[in-house]
Amino acid sequence: MIRDLFSHRSILASVIFIFIQSCIQLLSAETPVFFEPPQLHILRSAYPDIIFRTSYDFEADDWKIEISGITMYWADGKMLTAANLNNKDSFWPVLYKYTKEIPDPAVFTPEHIQEIRSFTAAENRREQEGTSPDFFNAVYDSATRRSVEQHIMQIQFLGKKTNVHERIVEPLHCVEKRILTLAQTDADIQQFIDTLARVDSYNWREIGDRSSRSFHSYGIAVDILPEGWNRKNIYWAWRRDIDPHNWMLLPLDRRWMPPEQVIDAFEKEGFVWGGKWIVWDNMHFEYHPELIDYNHIR
Ligand SMILES: [Zn+2]
């Protein structure tokens, strides 16, 4: 009886030993191929109806991801097709830092200010491709003007007509509902609605001084333009034309901003606000539920 128990224990110990050894082998540095990049989970949950097929490409030594028939590589989170891999350094990762608070120039360090100056210098901006178009082209079928325009619809947002991608119709509708509910008890929000001049969304165009495309050309960016800006500033590059060296130091209270609860309503439905970018664009909202989740904003 005791001998039986002893032999069962040794078998169990051997099994556990072999199991642990196998786990160590799987986790060793030479075999990074068993686990997908963890950030892919954020993208899958932000776009639940999109199918991500992943496999490890040993030749490229990277994860290969197929989305809606388009094959791309993980490429350190930049998500690039083979054609764009040659130019990998000029692209930004799909997931980036977006904060709940607006970056305040009152606390910028001299090093940070210098970084902003060099990041926005004309020659540097020409070389930056920005966010890779490949992932978003797969999600929005937007590789060509012709393909994306099959998905563009006219809607009304806060009483203004605008054209957007069909995928953001529902989230925008939810933003509108939140804003209208707030306006019932908040005079500032009602005033914001009453003084809206235009809502501009889909527009097939490139970003002014860069080769990359604006998210307006995917139909997922929305500009909220107020009537008159009370002599405030609304867009970094217009301010730079007036004050080329110190535009980034313009205090927050001299920038036009939508009411805080309006920004909050957009964020809750998966939109980021351009007023929180270093190159601030205070009229601009962009649908990126993956950034809202990645930065724990909701
Ligand atoms: Zn815009």
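Helices, taken as H or I runs of at least four residues, and strands, taken as E runs of at least two, are DSSP runs numbered from the N terminus. The model described here is predicted, and in it Asp76 is found in the loop between strand 3 and helix 3 (82-85). The backbone of Asp76 has a positive phi of about 55°, although Asp76 is not a glycine. Most residues other than glycine have a negative phi. Asp76 is also exposed, since 12 other C-beta atoms lie within 10 Å and a residue counts as exposed if that number is 12 or fewer.

A positive phi is likewise found at Ser68, where the value is about 50° although this residue is not a glycine. Ser68 lies in the loop between strand 2 (62-67) and strand 3 (70-73), and, with 12 other C-beta atoms within 10 Å, Ser68 is exposed. Beyond the loop that holds Asp76, helix 3 includes Ala82, which counts as exposed because it has 12 C-beta neighbours inside 10 Å. The C-alpha atom of Ala82 is separated by 6.6 Å from that of Met72, the two residues being ten apart along the chain.

Further along the chain, four strands form an open sheet in which the order is 8-9-11-10 and the pairing is antiparallel. Strand 8 (196-200) and strand 10 (271-273) stand at the edges of this sheet, and because each has a single partner strand, one side of each is left without a neighbour in the sheet. From one strand to the next, the twist averages 20°. Within the sheet, strand 9 (residues 221-226) and strand 11 (residues 284-287) pair in the antiparallel sense over three bridges, and Ala221 stands opposite Glu286 in strand 11.

Helix 11 (residues 260-268) has as its buried residues Val262, Ile263, Ala265, Phe266 and Glu267; to count as buried, a residue must have 20 or more other C-beta atoms within 10 Å of its own. The partners against which these buried residues of helix 11 pack include two strands of the sheet, strand 10 and strand 11. The same buried residues also pack against three helices, namely helix 8 (169-183), helix 9 (187-194) and helix 12 (289-294). Helix 11 is followed by Gly270, where phi is positive and near 100°.

Notes:
Residues numbered from 1 in each chain as written. Predicted model: local features only at pLDDT ≥ 70, side-chain atom pairs only at ≥ 80, totals over all residues. Pairing = 2+ DSSP bridges. Axes fitted to C-alpha atoms, helices over the stretch in contact; angles between N-to-C directions. Contact = placed C-beta atoms within 7 Å.
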